[in-house]
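Work through the exercises below with the sequence and the coordinates at hand. Each task is followed by a stepwise solution.

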Amino acid sequence: MGLRLSITLLALAALTTAVQAQDKTSDKTSDIIARGEYLARAGDCTACHTASEGRLFAGGRPMPTPFGTIYTSNITPDSETGIGKWSADDFYRTMHNGRFPDGGLIYPAMPFASYTKVTRADSDAIFAYLRSIQPVNQKNKPHELRFPYDNRQLILGWRTLFFSEGEFKPDASKSAEWNRGAYLVEGLGHCGMCHSPINALGGTSQSDAFKGGLIPMQNWYAPSLTSNREAGLGDWSIKDITDLLQTGVSTRGVVYGPMAEVVHNSLQYLNNEDTRAMAVYLKGIAEASAPPPPSSALPTTESSLLISLGKTVYDKNCASCHGTQGEGRPPHWPPLANNQSIEMQSAVNPIRMVLNGGYPPGTKGNPMPYGMPPFAGLLSDNEVAAVVSYIRTAWGNRGTPVSAREANELRSAPLN
Amino acid sequence: MFARTVASLAAIATFVAIDGAAAQTANQPPDTMAARVEACTPCHGNKGEGTSDVYFPRLAGKPAGYLYNQLLAFRSGRRKYPPMNYLLEFLPDPYLEAMAEYFASEHPPLPQPAPSEVSKDVLAQGELLATSGDANRNIPACVSCHGPELTGMQPGIPGLLGLRAAYVSAQLGAWRYGTRTAKSPDCMQLVAGHLTEADVTAVAAWLATRPAPTNPVPVPKGTYALPFGCGSQPN
């Protein structure tokens, strides 16, 4: 009797450990899936791989490029039309080396040039997450690229010039926090894809990383993240940077256009530690020395006329929100005085802001953002140029005047 | 003595706190929906009453469910007007709902009906379509869905008064050409599909001549039955 009891107890104990062990593994898988979901957010896969009103990650979103339209792929685990038959090795090869499982070359519109820095463990977690989502049976749309760009062999040339394969290498002279930030910004965040100048070949050279550039087809200027005259964050506080990245607004400035998308779909989901790490890194890469002030292309008499008209337009249409001294009511109505993003050499963004208005993205930290009306229908080209010239030069701002022609050209910029 | 110092210090601290909070709010935009929709009002009017631009619709007093459906459709690009598609792109559902509710609850007076530029015959044809339809051509009366007073029904059917003829004909045209669609089954597409160019001109012109009803508020859900189902009007 005593013996049997102890045997049953033993058996029970064995069972419990078995159950516990099983719990642990399934616990671990769900941990990995959750981490993969988080990392997929950090990589903003959804921005490209989910179409408007389409199913999550089923692809089919058109990406206009100077060479024609590329359609993104179905990355759900559907075995016929998605990546259901892929192994973790196949997936790592795509992320790390920009190749399909059969070795075929992937267009760099998929940011593998940044994702190559992602670790194998993180790639596996993203893959585990993608395997766990709802499969969608939806065939990939063929790309509509013009000759000769429809020939994938051309990608080889691009790769030779602009692609260097390799996981992120931490810089031992920097803090763990800085390195974590660098890993996220240079890797999954693929910030350089917009924030680096793109040359005629559609590539970015390593030495120009984060130096800013006009995004082709979209006509938005993604400012330099290294120059304090643009969006370099050298003299921002860490709190202002983390506010901007997490909520879309800060006391120094707000996000809009393509950057609103990045905050909306990706950055608002990052935890406080990762956001802070990115902020520390971004503050760190800003250049210390100020480059020479830009010079204006407009004759001085013309610009002083513009600027005096600009003040009239501003006081009537803008001062109620941005304040007579450009002080704004931060963070919701951003300040325009001492706001780098309107003083940059390129005036594309402030001109477009005035023409199109905007709302910062609705985020967990700022669910009901305040907005700015579009002025395209209310102001003439000359008035737009005048008010932008005014805000770029008033209150100690160090920008230059802009011409009515520049304003006119941006009226036809695409809004999506 | 000691206790008093502590008490007065505490009092000072309270003042500081109040002062700080006041300075904070004084420096912030008003915490209201009115301030949050200032981006909309140059086109739609301060209370959503519309503006002098004939293509910019009145929003005020339309059923909140209808307005919300439109905001969702603009955000996803299903209904197209690029300046609005752009403004709404990254705004979350609950916020769009709050905007819809804000404009639905405003009741500025309806505008004076505009003098019409079309002939009496055309207006009579418009009135006939709106109030009786044309059974031979499968056109139901507009009032059968939009209500006997054309004030709409909660939650999804808009009133048709206070809109300019140019706007109404542009919308009917958009349905006929498929550039505006509503939730399926899209009953308005069926209706518009049966209208000719001349019908559109007539009904749009007649609607614009209607005076304001005594009670412009949309009638409650289920007040009358629709001739056929509409995706925007769950039953």
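Helices here are DSSP runs of H or I with at least four residues, numbered from the N terminus. The model is predicted.

**Exercise 1.** Locate Asp121(B) and decide whether Asp121(B) is buried or exposed.

Solution.
Step 1: Asp121(B) belongs to helix α7 of chain B, which covers residues 120–131.
Step 2: The relative accessible area of Asp121(B) is 65%.
Step 3: The cut-off for exposed is over 50%, so Asp121(B) is exposed, given its 65%.
Step 4: Ala202(B) is 81 residues from Asp121(B) in sequence, while their C-alpha atoms are 8.9 Å apart.

**Exercise 2.** Describe how domain 1 and domain 2 of chain B meet.

Solution.
Step 1: The domain assignment splits chain B into domain 1, residues 26–108, and domain 2, residues 109–227.
Step 2: Between the C-alpha centres of the two domains there are 22 Å.
Step 3: On the side of domain 1 of chain B, 21 residues take part in the contact, and on the side of domain 2 of chain B, 25 residues.
Step 4: The two domains of chain B bury about 1,800 Å² between them, with 53% of this area on carbon and sulfur atoms.
Step 5: Arg58(B), Pro63(B) and Arg78(B) account for 29% of what domain 1 of chain B buries against domain 2 of chain B, more than any other three residues.
Step 6: Zero salt bridges are found across this domain interface, but 11 residue pairs are in polar contact there, both at pLDDT 80 or more.
Step 7: By class, the domain 1 side has eight nonpolar, seven polar and six charged residues.

**Exercise 3.** Characterise the interface of chain A and chain B, and find which side chains meet in a salt bridge.

Solution.
Step 1: The contact joins 30 residues of chain A with 27 residues of chain B.
Step 2: About 2,400 Å² is buried between the chains, 62% of it on carbon and sulfur atoms.
Step 3: Tyr359(A), Tyr370(A) and Leu415(A) supply 29% of the area that chain A buries against chain B, more than any other three residues.
Step 4: One salt bridge is found across the chain interface. Glu53(A) and Arg78(B) form a salt bridge through their side chains, at 3.4 Å from N to O. The cut-off is 4 Å.
Step 5: The chains also have 11 residue pairs in polar contact, both at pLDDT 80 or more.
Step 6: Helix α10 of chain A, residues 258–265, gives the most to the chain A side, with three residues.
Step 7: The chain A side comprises 18 nonpolar, nine polar and three charged residues.

Terms used: Residues numbered from 1 in each chain as written. Chains lettered and ligands numbered in written order. Predicted model: local features only at pLDDT ≥ 70, side-chain atom pairs only at ≥ 80, totals over all residues. Heavy atoms only, no water. Helix = DSSP H or I, 4+ residues; strand = E, 2+ residues; numbered from the N terminus. Buried < 20%, exposed > 50% of the residue type's maximum accessible area, 1.4 Å probe, protein only. Domains from an automatic or database assignment. Contact = heavy atoms within 4.5 Å. Buried area = accessible area lost by both parts, 1.4 Å probe. Polar contact = N/O pair within 3.5 Å; in protein donor to acceptor, adjacent residues only side chain to side chain. Nonpolar A, V, L, I, M, F, W, Y, C, P; charged D, E, K, R; others polar.
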